[in-house]
Amino acid sequence: MVKVVGLCGSLRPGSHAEKALLLALAAAAGAGAQVEYLDFKALNLPFCDGGDAYPDHPDVEVLKRKVKEADALLIATPEYHGSFSGVIKNALDLMSFEELSDKVFGLVSVLGGGQNNNALNDLRTVARWVHAWVVPEQVAIGQAWKQFDAEGNLTDPKLKDRLDKLAHALVKAARMLRTTA
């Protein structure tokens, strides 16, 4: 079974990025994947200092182990100042090729304003540098503050369909890459 780990670039409880990630993880589970949300709010991750050992931060080892065991990462991030969040950047910087190479990435961004792809394009660049694969499908949710209902569901069925297609493409790509490895 393909394992998908979800990473959220917002530390705000109930954020739009978290809502989008949870919906995408549910869709990945529906596509037959084993899913896990690695909630950074529950971890004590330090700022990356360029080193590779963090003996005072056992949650770095948790992050590395869970990502290494995964076939795919589903990353949801708010777009801050035209790019992805520092939370995601720091988490990725705490890892290396050992954890990230040959992983399949699925990408979602949420924005307060109009839809664009800056955060997604920047994440694609990072993925390329760590020898990961990014599925062509991606979802940018503009004006996120009005796209979710009180239960955390998307109100636009077209956005929900795109999120589902992203999750299914992620699981399919991870399955294919796994069989060729």
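**Exercise 1. Establish the order of helices and strands along the protein chain, and judge its compactness.**

Solution. Step 1: along the sequence, the protein chain runs β-α-β-α-β-α-α-β-α-β-α. Helices here are DSSP runs of H or I with at least four residues, strands are runs of E with at least two, and both are numbered from the N terminus.

Step 2: the elements amount to 6 helices and 5 strands.

Step 3: the radius of gyration is 15 Å, close to the 16 Å that the globule rule gives for 181 residues, so the protein chain is as compact as a globular protein of that length. The radius is taken over C-alpha atoms, and the rule is 2.2 Å times the number of residues to the power 0.38.

Step 4: along the principal axes, the C-alpha atoms fill a box of roughly 45 × 35 × 25 Å.

The model is predicted: local features need pLDDT of at least 70, side-chain atom pairs count only at pLDDT 80 or more, and totals for chains, interfaces and linings use all residues. Residues are numbered from 1 along each chain as its sequence is written, and side-chain values use heavy atoms, with hydrogens and water left out.

**Exercise 2. Describe the burial, contacts and surface of the protein chain.**

Solution. Step 1: of the 181 residues, 49% count as buried. Buried means under 20% relative accessible area, exposed means over 50%, and partly exposed lies in between (1.4 Å probe, protein chains only).

Step 2: among contacts with a separation of 6 or more, 74% are between residues 24 or more positions apart. A contact means heavy atoms within 4.5 Å.

Step 3: the accessible surface comes to about 8,800 Å², and carbon and sulfur atoms account for 54% of it. Accessible areas come from the Shrake-Rupley method with a 1.4 Å probe; for residues, only the protein chains shown count as cover.

**Exercise 3. Locate the largest nonpolar core and identify the elements that supply it.**

Solution. Step 1: the largest nonpolar core has 32 residues, and those with the most contacts inside it are V4, L74, V108, I141 and L163. Such a core is a set of buried Ala, Val, Leu, Ile, Met, Phe, Trp, Tyr and Cys residues joined through side-chain atoms within 4.5 Å.

Step 2: at least two residues of this core come from each of β1 (3-8), α1 (16-30), β3 (72-78), β4 (104-110), β5 (133-141) and α6 (157-180). Helix α1 gives the most, with 8 residues.

Step 3: another core, of 30 residues, lies apart from it and includes A70, F84, F105 and A119.

Step 4: in soluble globular proteins, nonpolar side chains tend to be buried together.

**Exercise 4. Trace the surroundings of T77 and of helix α3.**

Solution. Step 1: T77 is found in strand β3. At 0% relative accessibility, T77 counts as buried.

Step 2: leaving aside neighbours within four places in sequence, T77 is in contact with residues including G9, A17, F84, I88, V108 and L123.

Step 3: V108, with residues up to four places away in sequence not counted, touches T77 and also, among others, A20, L120, V139 and L166.

Step 4: in helix α3 (residues 86-93), the buried residues are I88, N90, A91 and L92. These buried residues pack against β1, α2 (58-69), β3, α4 (97-100) and α5 (118-129).

**Exercise 5. Classify M95, Y80 and P136 by accessibility, and place each in the chain.**

Solution. Step 1: M95 is in the loop between α3 and α4. With a relative accessible area of 8%, M95 is buried. Not counting residues up to four places away in sequence, M95 touches L63, K64, V67 and L100.

Step 2: Y80 lies in the loop between β3 and α3. A relative accessible area of 43% makes Y80 partly exposed. Beyond residues up to four places away in sequence, Y80 touches S10 and S85.

Step 3: P136 is in strand β5. P136 counts as exposed, at 67% relative accessibility. P136 and A169 are 33 residues apart along the chain, and their C-alpha atoms are separated by 8.3 Å.

**Exercise 6. Find where D102 and Q143, two residues with positive phi, are placed.**

Solution. Step 1: most residues other than glycine have a negative phi.

Step 2: D102, which is not a glycine, has a positive phi near 65°. D102 is in the loop between α4 and β4.

Step 3: Q143, also not a glycine, has a positive phi of about 45°. Q143 is found in the loop between β5 and α6, and is partly exposed at a relative accessible area of 31%.
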